[in-house]
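Today I went through one model and noted what I looked up, entry by entry. I began with the backbone, then turned to the ligand and to the helix packing.

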Amino acid sequence: MALRATGLTHDEIFAALGELKANDVRWRDGRAFTLTYNAGDEILAVAEEAYRAFSTENALNTDAFPSLRTIQAEVVNVVTDWLQGGPDAAGFMTSGGTESILLAVKGSRERGRKERGISSPNVVLPTSAHAAFEKACYYFGLESRRVAVGDDWRADPTAMAAAVDNDTVLIVASAPQYPQGVIDPIPAIAAIAADRDINCHVDGCMGGVTLTYLERLGHAIPPWNFSVPGVTSISVDLHKYGYTAKGASVIAYRNKKLRSYQTYLTDNWLGGLYGSSGIMGTKGGGSMAAAWAVMNFLGDDGYMRVTAAARRAAEELVAGIRARPVLQLRAEPDTTLVAFGASDPNALDVFAVADALWRRGWYVDRQGPPPSLHCTVNAVHDGKIPEFLADLDAALAEVSRASTTGTQGAYGTID
Ligand SMILES: *Cc1c(COP(=O)(O)O)cnc(C)c1O
């Protein structure tokens, strides 16, 4: 398709963009249990205004944009404070959880190569660790050694220790893992890494903000951050439970030495010395400014409030799943991620339930094995759960009447 010969007007453009959204999931109304996070119109407005104010600024070179140097430093400092990182902790803002994880894996490979001469590195990680680790291993030429999780879906430290060898450069744990929403036994896993003086990454993409504030709200949270000896890096996605605009995550390291393995410098071209902190070259200021703005707008008391709202909704959903015997909760959620399947998978196809929910305007994640539905419950769902459960009942009735089978769907698509 060639570009139109003459441009549309401003009004025509925004009318057309509005129309394009017509069939999208209505996330502002709390209809999406994945992909979007929303703590209300006021916070969305702060994020969007800050994004607009910095959408053309470029953090590739902060000599030209000292504003973005300050914004990045302040955001990273707040996150390392959340993570109990102490004065030596250091990090960078990235475009999202995947970039943070890619960098943690690349930094581990680099450290193994430089400090121990490892040429065929491997990563030991539970089967529950995010697909982004698989992508990182594929991109950067490491072997992914997946180790089965236990019956409680948590990583099995004994089996992980057995999978480690002299070429292991990284051990991974999650707080919480995405599929069933449980926290891995991080002290035991980090101890394996500490014994061998290798990297241990905690994937806090989902839990980084939520666990910090659940703990401040008085929930008993097992140790998971830099307070655990042996943890070398942690990823925290601000564009999830930080409730900021898309394109914002932090990769945090225990110290600058560990961080140094992720950065890249070259002068082997005709354009002079080129350094970059992460995967991207041009690094848009919009998502960075939006993160700074939302974090400072909410403050500690704001995050307490939105975290409590998300947790309240998650607990309400859990109670609703428990009250429906045809459904089976996969695990008591450690944060706000709720996964469930069929009590009898031969009698009920949960993907057909997801299809029936989507016909009613609700979008839930489909995952497996085993076939499960997954709800990333956040602040927008506070007060929405009764309506969801009513439609869930209607969906269950429809599916059992017709004994339909559903489509498996995907966490991410490639078109
Ligand atoms: C979302 C997520 C990621 C990947 O983050 P993106 O922002 O989607 O790139 C990694 N790990 C966990 C646990 C996640 O929830």
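Entry, backbone. I looked up Asp197, which lies in the loop between α7 and β5 (199–203), and I noted that Asp197 has a positive phi of about 55° although it is not a glycine. I keep in mind for this and every later entry that the model is predicted.

I then searched for cis peptide bonds, and I found one joining Ala175 and Pro176, with omega about -10°. Pro176 belongs to the loop that runs between β4 (168–174) and α7 (186–196). A cis peptide bond also joins Pro369 and Pro370, where omega is about -10°, and I placed Pro370 in the loop between β12 (365–367) and β13 (372–376).

Entry, ligand. I listed the surroundings of the ligand and found 13 residues around it, of which Gly97, Thr98, Asp203, His239 and Lys240 come nearest. I then looked up distances between polar atoms. For Asp203, I noted 2.6 Å between an N or O atom of its side chain and a nitrogen atom of the ligand. For Lys240, an N or O atom in the side chain is 3.0 Å from an oxygen atom of the ligand, and for Asp237 I recorded 3.3 Å between a polar side-chain atom and an oxygen atom of the ligand.

Entry, α3 against α10. I looked up how helix α3 (residues 66–82) packs with helix α10 (residues 285–322), and I noted an angle of about 40° with the axes 10 Å apart. Because angles of 35 to 65 degrees fall outside the parallel and perpendicular classes, α3 counts as oblique to α10. The crossing in which α3 passes α10 is left-handed. On the α3 side I listed Leu68, Ile71, Gln72, Glu74, Val75, Val78, Val79 and Trp82, which meet Gly285, Met288, Ala289, Ala291, Trp292, Met295, Asp300 and Tyr303 in α10. Sorted by class, this contact of α3 with α10 has twelve nonpolar, two polar and two charged residues.

Entry, α8 against α10. I repeated the lookup for helix α8 (residues 207–216), which packs with α10 at an angle of about 95°, the axes being 9 Å apart, and α8 is therefore roughly perpendicular to α10. Here Val209, Thr210, Tyr213, Leu214 and Arg216 in α8 meet Asp300, Tyr303, Met304, Thr307 and Arg311 in α10. By class, I noted five nonpolar, two polar and three charged residues in the contact of α8 with α10. Going back over both lists, I saw that Asp300 and Tyr303 of α10 appear in the contact with α3 and also in the contact with α8.

Note on methods:
Residues are numbered from 1 along each chain as its sequence is written. This is a predicted model: local features need pLDDT of at least 70, side-chain atom pairs count only at pLDDT 80 or more; totals for chains, interfaces and linings use all residues. Side-chain values use heavy atoms; hydrogens and water are left out. Axes are lines fitted to C-alpha atoms, for helices over the stretch in contact, and angles run from 0 to 180 degrees between N-to-C directions. Helices (H or I, at least four residues) and strands (E, at least two) are DSSP runs, numbered from the N terminus. Angles under 35 degrees count as roughly parallel, over 145 as roughly antiparallel, 65 to 115 as roughly perpendicular and the rest as oblique. A crossing is left-handed if the near helix is turned anticlockwise from the far one by less than a right angle, and right-handed if clockwise. Contact means heavy atoms within 4.5 Å. Ala, Val, Leu, Ile, Met, Phe, Trp, Tyr, Cys and Pro count as nonpolar, Asp, Glu, Lys and Arg as charged, and the others, Gly among them, as polar. A residue is near a molecule or strand if one of its heavy atoms lies within 4 Å of it. A polar contact is a pair of N or O atoms within 3.5 Å; within protein, one must be able to donate a hydrogen and the other to accept it, and residues adjacent in sequence count only if both atoms are side-chain atoms.
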